Amino acid sequence: MILIGQYDSSFVRRVGVALTLYGLPFEHRPWSVFGDGEKIQALNPLMRVPTMVLDDGTVLVDSVTILDHVDSLVPEAERLWPAPDERRHSLKVMALATGFADKGVSLFYELVLHEQPAQVWMDRCRSQMRATLAALEADRATRSTPFWFGDRITHADIAVACALRHIGDSHPGFISAADVPALAAHCERLEALPVFKAISQPFVPPA
């Protein structure tokens, strides 16, 4: 399998972390949608990352689809999901985390790719991001377990940590650890894991 995209993307990173935790071999091509856009679009018409090329040549074009396939390659008991009664809740946490990251990307592009960024749009993105942070903080604060859903890491844990790392790097100062102590502790715990140190890259703004 070939994973395409840079690890400063929370979406690419969460796939890389899952593959590594599963012990599945893959080739990583750290292509940028700006510097390597033509190469990516030759595989994925959306010109987005992550893009994954499977061994049979099939191309998967988003993190949800990629992770669904990756999960199918390991026994059900080893998949990065909580107990069945918590699965719907974990999907909600993942959706909030990935939506938070997506809004951060939109805000970043608005700031750096327009001579006159739209203030109304920026205010809306920031409002959505702050509300999502508050919702995730309130949820995590109700739990005292090492990971969100117990003693075992799940896709939800990974999505949250990758999203907050990306926003912290691309929007310095937006996240205050003092305002979200439960989330800050959660992410600090995950970033200290060997897999998160290995699947990592400093933020690289588009050139």
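1. A quick word on terms before we start: helices and strands here are DSSP runs, with at least four residues for a helix and at least two for a strand, numbered from the N terminus. Please keep in mind that this is a predicted model.

2. With that in hand, have a look at the loop between helix H2 (37–43) and strand S3 (51–53), where you will find proline 50. The peptide bond leading into proline 50 from valine 49 is cis, and its omega is near 5 degrees.

3. The loop between H2 and S3 also holds methionine 47. Methionine 47 is not a glycine, yet its phi is positive, near 55 degrees. Its relative accessible area is 30%, which means that methionine 47 counts as partly exposed.

4. Next, the sheet: it is open, built from four strands in the order S2-S1-S3-S4, with mixed pairing. Strand S2 (27–29) and strand S4 (59–60) are at the edges with a single partner strand each, so one side of each has no neighbour in the sheet.

5. Strand S1 (residues 2–4) pairs with S3 in the antiparallel sense, over three bridges. Leucine 3 has methionine 52 of S3 as its bridge partner. Lying across S1 and S3 is helix H1 (residues 10–22), which runs at about 155 degrees to S1.

6. Finally, do look at helix H5 (residues 119–141): its 23 residues reach 32 Å from first C-alpha to last, close to the expected 33 Å. Its buried residues include Met122, Leu133, Glu137 and Arg140. What do the buried residues of H5 pack against? Their partners are helix H4 (87–113), helix H6 (155–170) and helix H7 (181–191).

How values were computed:
Residues are numbered from 1 along each chain as its sequence is written. This is a predicted model: local features need pLDDT of at least 70, side-chain atom pairs count only at pLDDT 80 or more; totals for chains, interfaces and linings use all residues. Side-chain values use heavy atoms; hydrogens and water are left out. The expected span of a helix is 1.5 Å times one less than its number of residues. Buried means under 20% relative accessible area, exposed over 50%, partly exposed in between (1.4 Å probe, protein chains only). Contact means heavy atoms within 4.5 Å. Two strands pair if DSSP finds at least two bridges between them. Axes are lines fitted to C-alpha atoms, for helices over the stretch in contact, and angles run from 0 to 180 degrees between N-to-C directions.
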